[in-house]
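The following exercises concern side-chain environments and strand geometry. Please work through each task before reading its solution.

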Amino acid sequence: MTGIRYEYLGVDGSLWKFGDPMCPARLATTPTGLGGAPFKHQRISNARQPGADWVGRDDEINVIGLDVRIGPMAPGKPAREQFKAWRAALGYGDEVGEFRVYLDDEKLWQETRYEEPSTDPDLSMLDEIGFLAEKVKIASDLSWWHAPPVTRTFAPDEFAAAEITNDGDVDSWLHWEIHGPGKFAIGVDEIVNLPHINAGQSWVIETDVENPSIRDGDGVDVWERVGVQRFAKSVRRKSTTPILVHGTDVGPETEVTVTLPQLYRRASG
């Protein structure tokens, strides 16, 4: 399907396809927030220094503004029930929904929370003409927009040529799934040595420094078997990057699967 489309997956699992003839809600204007999360520069300035030293950038949450129209539809209870369903889909901010943008065949999304209470609705509009307009703000805890991740699976004879492509414009962290048997060394421009993994066993490794973990196939934390090693390298944006996958004592069941999130600063191109 061509063109630009918007969807919202509610916290209750309901799907709102804005603009679809079967959807009771539509958007009156283009959502705000598609151009990316705001950011601030951090600088240090010393006495008598011309200008300042740039330290880094702080990326903020991304707030998406929706100008929603409920209806027109049969006034009275049917209209009120649809509005009630829409508000239930938004939740109260402690649960996460998903706002989706489709650019022709490309899909981008952010996990979002109901960011602040909307104004009190004029329910008489629903009773009298079956229509109501309201402005809604939802926000993503993560600054970036997601696109479908890239997944690659390597057999032992492919380990030496292993690489992965990050098409996103944000550096991204690898997710590993390692299926034994074998003793492995893995990493991105680094070496992390793993103990022997038996046949029929699997390890799942998250390398994101914000929430790293190493677990076995039953979800049990096994990081202490790895020792004080850590993952420190992400996959650079807009690059095809070699990844280290080395295995000894491997067997016919051995394989390594890596998944890389594709992250973008903006959904508007």
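**Exercise 1.** Which backbone oxygen lies 3.4 Å from a polar atom of the side chain of Gln262? Determine also the setting of this residue in the predicted model.

*Solution.*
1. Locate the residue: Gln262 belongs to strand β19, which spans residues 255-264.
2. Assess its exposure: the relative accessible area of Gln262 is 3%. Because the cut-off for buried is under 20%, Gln262 counts as buried.
3. Search for polar partners: the oxygen sought is the backbone oxygen of Leu260. The side chain of Gln262 also reaches the backbone nitrogen of Asp167, at 2.8 Å.
4. List the surroundings: beyond neighbours within four places in sequence, the contacts of Gln262 include Trp145, His146, Thr165, Asn166 and Gly168.

**Exercise 2.** Determine which side chains of strand β11 are buried and which are not, and identify the pairing of this strand.

*Solution.*
1. Recall the general pattern: side chains in a regular strand alternate between the two faces of the sheet.
2. Apply it to β11 (residues 163-166): Ile164 and Asn166 point to one face and are buried. Glu163 and Thr165 point to the other face and are not buried.
3. Find the partner strand: β11 runs antiparallel to β17 (residues 239-242), joined by 4 bridges. Within β17, Pro242 is the bridge partner of Glu163.

**Exercise 3.** Describe the largest nonpolar core.

*Solution.*
1. Count its members: this core has 29 residues, and Tyr8, Phe18, Trp86 and Phe99 have the most contacts inside it.
2. Identify the leading contributor: helix α1 (residues 77-90) gives the most, with 5 residues.
3. Separate the other core: apart from the largest one lies a core of 25 residues, including Trp203 and Leu260.

How values were computed
Residues are numbered from 1 along each chain as its sequence is written. This is a predicted model: local features need pLDDT of at least 70, side-chain atom pairs count only at pLDDT 80 or more; totals for chains, interfaces and linings use all residues. Side-chain values use heavy atoms; hydrogens and water are left out. Helices (H or I, at least four residues) and strands (E, at least two) are DSSP runs, numbered from the N terminus. Buried means under 20% relative accessible area, exposed over 50%, partly exposed in between (1.4 Å probe, protein chains only). A polar contact is a pair of N or O atoms within 3.5 Å; within protein, one must be able to donate a hydrogen and the other to accept it, and residues adjacent in sequence count only if both atoms are side-chain atoms. Contact means heavy atoms within 4.5 Å. A nonpolar core is a set of buried Ala, Val, Leu, Ile, Met, Phe, Trp, Tyr and Cys residues joined through side-chain atoms within 4.5 Å. Two strands pair if DSSP finds at least two bridges between them.
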